[in-house]
Amino acid sequence: MAAGLKTIIALSFVLAVGFLLVILSCALWKAYYPLLVVATYVLAPVPNWICSHCANPDDFVESSGAAVLDLGRFCTGFLVMMGLALPVVLANSAIITVPAMIMSVIGGLLIYGTIISFAMFFQEEQDF
C-alpha cells in the first residue's frame, strides 16, 4: 500500500486531534497527570521495533526469533494497556476528573491508532 499526500494529511490531523484532547484533558482541569498517557503511547511501538530488528529470521527454520518477537508484542501490549488504564486509575483515585479521563483515553487511542497507521502505510517491502 502506498501512502499518498491525502493519507499523510489525514493521519497528521487525527494525530493533532489526539494530542489536543490529551492536552485539553490536562489544561481544563489543571491536573497534568494525563500527559503520562502520551509518553506510554509514544513509547509503545519501541519494543516491537527493537525486537523485530533483534530477531534473526532464517529461511530454513520457521520458529527462529519467534520468542523475541513475542516479547516485543507483549511489551507493546503492556504499554498500550497501561495507557488505557492509567487515566482510569487516576480518575478512580480522584486525582483527575471523569471527563478528563474520557478525553485522555480517547486522545490516547487516536494517538496510538495514528502511530500504527503510519507504520502500516510506510512499511517497507522485504525482498528475498
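1. How many residues does helix H4 have, and how far does H4 reach from its first C-alpha to its last? Helix H4, residues 66-92, has 27 residues and reaches 38 Å between those two atoms. That is close to the 39 Å expected at 1.5 Å a residue.

2. The model is predicted, and its confidence should be checked before going further. The average pLDDT of the chain is 87, and 86% of the residues score at least 70. Among the elements, helix H1 (residues 5-27) has the highest mean pLDDT, 94, and H2 the lowest, 87. Where pLDDT is low, predicted coordinates should not be read in detail.

3. The chain contains five helices and zero strands. Along the sequence this gives the pattern α-α-α-α-α. Of the contacts with a separation of 6 or more, 72% are between residues 24 or more positions apart.

4. H4 has a kink of about 30 degrees, located at alanine 85. Proline 87 comes shortly after that kink. Beyond the helix, H4 is followed by alanine 94, which has a positive phi, near 65 degrees.

5. Which residues of H4 are buried? They are Gly72, Thr76, Leu79, Val80, Gly83, Pro87, Leu90 and Ala91. These buried residues pack against three helices: H2 (35-43), H3 (45-54) and H5 (98-121).

6. Two of those buried residues, Leu79 and Val80, also belong to the largest nonpolar core. The other members of this core are Val22, Val37, Val38, Tyr41, Ala44, Ile111 and Tyr112, for nine residues in all. H2, H4 and H5 each supply at least two residues of the core, and H2 gives the most, with three. In soluble globular proteins, nonpolar side chains tend to be buried together.

7. Which residues does valine 80 contact, once its neighbours within four places in sequence are left aside? Valine 80 is in contact with Tyr41, Ala44 and Tyr112. Each of these three is listed in the largest core as well.

8. Apart from the largest core lies another, of seven residues. Its members include Ala31, Leu90, Ala91 and Val105. Leu90 and Ala91 are also among the buried residues of H4, so named in point 5.

9. For the chain overall, 27% of the 128 residues count as buried. The chain exposes about 8600 Å², and carbon and sulfur atoms supply 72% of that area.

Note on methods: Residues are numbered from 1 along each chain as its sequence is written. This is a predicted model: local features need pLDDT of at least 70, side-chain atom pairs count only at pLDDT 80 or more; totals for chains, interfaces and linings use all residues. Side-chain values use heavy atoms; hydrogens and water are left out. Helices (H or I, at least four residues) and strands (E, at least two) are DSSP runs, numbered from the N terminus. The expected span of a helix is 1.5 Å times one less than its number of residues. The bend at a residue is the angle between axes fitted to the seven residues ending there and the seven starting there. Buried means under 20% relative accessible area, exposed over 50%, partly exposed in between (1.4 Å probe, protein chains only). Contact means heavy atoms within 4.5 Å. A nonpolar core is a set of buried Ala, Val, Leu, Ile, Met, Phe, Trp, Tyr and Cys residues joined through side-chain atoms within 4.5 Å. pLDDT is the predictor's confidence in each residue, from 0 to 100. Accessible areas come from the Shrake-Rupley method with a 1.4 Å probe; for residues, only the protein chains shown count as cover.
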